[in-house]
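Here are a few short exercises to work through with the structure open beside you. Try each task yourself before reading its solution.

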Amino acid sequence: AYEDRGDFERGWQYYHAGNRRQRAEVSYDPVQAEVLNDRLIKVFDRTLLDSAAGAGCTDPSPIFIVGLPRSGSTLLEQILASHPQVEGTSELPYLGRVAGWLNRNRSDGINYPEAVRELPLTGLRTLGEDYLAYAQIHRRAGAPRFIDKMPNNFPNVGFLSLILPNAKVIDARRHPLDACLSCYRQLFAKGQAFTYDLTEIGEYYLQYQRLMDHWHEMLPGRVLTVQYEEVVTDFETQVRRLLQFCGLPWDDACLRFYESDRPVRTPSSEQVRQPIYDRSIGHWRNYQQHLAELIEVIAPIRDRYRCYEPPATR
């Protein structure tokens, strides 16, 4: 409420107090998260990905939208779901669940992701079919394509590329300072335990960047990165990129995404009911004096995003 009034200093006091309280209530280990990412990068190397390429379920219907929360994934979902050939479903938990099945009945301690190395090629196809069977529960419109907008699927891009080789993967990306601050300003209903401490949010963004760089290197052309700042400043061009990547014909309804009456259950539900706007770009500058630790953490990658920073105002 104070932020809406332009009293950013008073608003920050409440954001900081709320996050400090919530951080004490959640369990999150950044070291454990980094170790898991190390394992994913080691397992899903070019040898594995090339040797099993195309062996999974060839159904082309899924469109995955991944990334960090509060980075424009709901906007991309709404744009695509406005196309008559695409149905928006929800943030589906099934990709992670199917990966977790590889941990069952193992007495030797070999779990996901290392267990993927032992799967026969037929097993990859079966896992892809299992995912689609679960996703089918949420498909009611009869459209040939559907969206799974689970941002937290970005660590599983290698896995999904094996079990669903014809699925499309879109990475919804936003300037790290705006993305991280937006997470810090949001009390999530569940999950996202990394979002209640500025240093941990920044470190998580670095890990996200690291994994996405790995997928782009190992799976060239498989993931389309869509930068939020480019979507809101060059909207039609980015919509055309999205549709072309997904192999969909042009439809003007995608430009009028805000007219869709489909239910949206994410924190961005109000924003996607409005025409495109750019006032969220550079919002972090309103709190810049409080973001020193976050700015320091993301310093190694900030130069990659400086072109999206609006000029500082005096």
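**Exercise 1.** In this predicted model, find which strands helix 9 lies across, and at what angle it runs to strand 4.

*Solution.* Start at residues 198–218, which make up helix 9. Follow this helix over the sheet: it lies across strand 1, strand 4 (168–173) and strand 5. Then compare directions: helix 9 runs at about 145° to strand 4. For a second case, take helix 6 (residues 121–135), which lies across strand 1 and strand 3 and runs at about 90° to strand 3.

**Exercise 2.** Work out the strand order of the sheet and explain why strand 2 and strand 5 each have one side without a neighbour.

*Solution.* First, trace the five strands: the order is 2-3-1-4-5, in an open sheet with parallel pairing. Next, look at the edges, where strand 2 and strand 5 (223–227) each have a single partner strand, so one side of each lacks a neighbour in the sheet. Neighbouring strands are turned by 25° against each other on average, ignoring direction. Now zoom in on one pair: strand 1 (residues 62–67) and strand 3 (residues 145–148) are joined in the parallel sense over three bridges. Here Ile-63 stands opposite Ile-147 of strand 3.

**Exercise 3.** Decide whether Thr-89 is buried or exposed, and find what its side chain meets at Ile-147.

*Solution.* Locate Thr-89 in strand 2 (residues 86–90). Its relative accessibility is 11%; since buried means under 20%, Thr-89 counts as buried. Finally, check its side chain: a polar atom there lies 2.4 Å from the backbone oxygen of Ile-147.

Methods
Residues are numbered from 1 along each chain as its sequence is written. This is a predicted model: local features need pLDDT of at least 70, side-chain atom pairs count only at pLDDT 80 or more; totals for chains, interfaces and linings use all residues. Side-chain values use heavy atoms; hydrogens and water are left out. Helices (H or I, at least four residues) and strands (E, at least two) are DSSP runs, numbered from the N terminus. Buried means under 20% relative accessible area, exposed over 50%, partly exposed in between (1.4 Å probe, protein chains only). A polar contact is a pair of N or O atoms within 3.5 Å; within protein, one must be able to donate a hydrogen and the other to accept it, and residues adjacent in sequence count only if both atoms are side-chain atoms. Two strands pair if DSSP finds at least two bridges between them. Axes are lines fitted to C-alpha atoms, for helices over the stretch in contact, and angles run from 0 to 180 degrees between N-to-C directions. Contact means heavy atoms within 4.5 Å.
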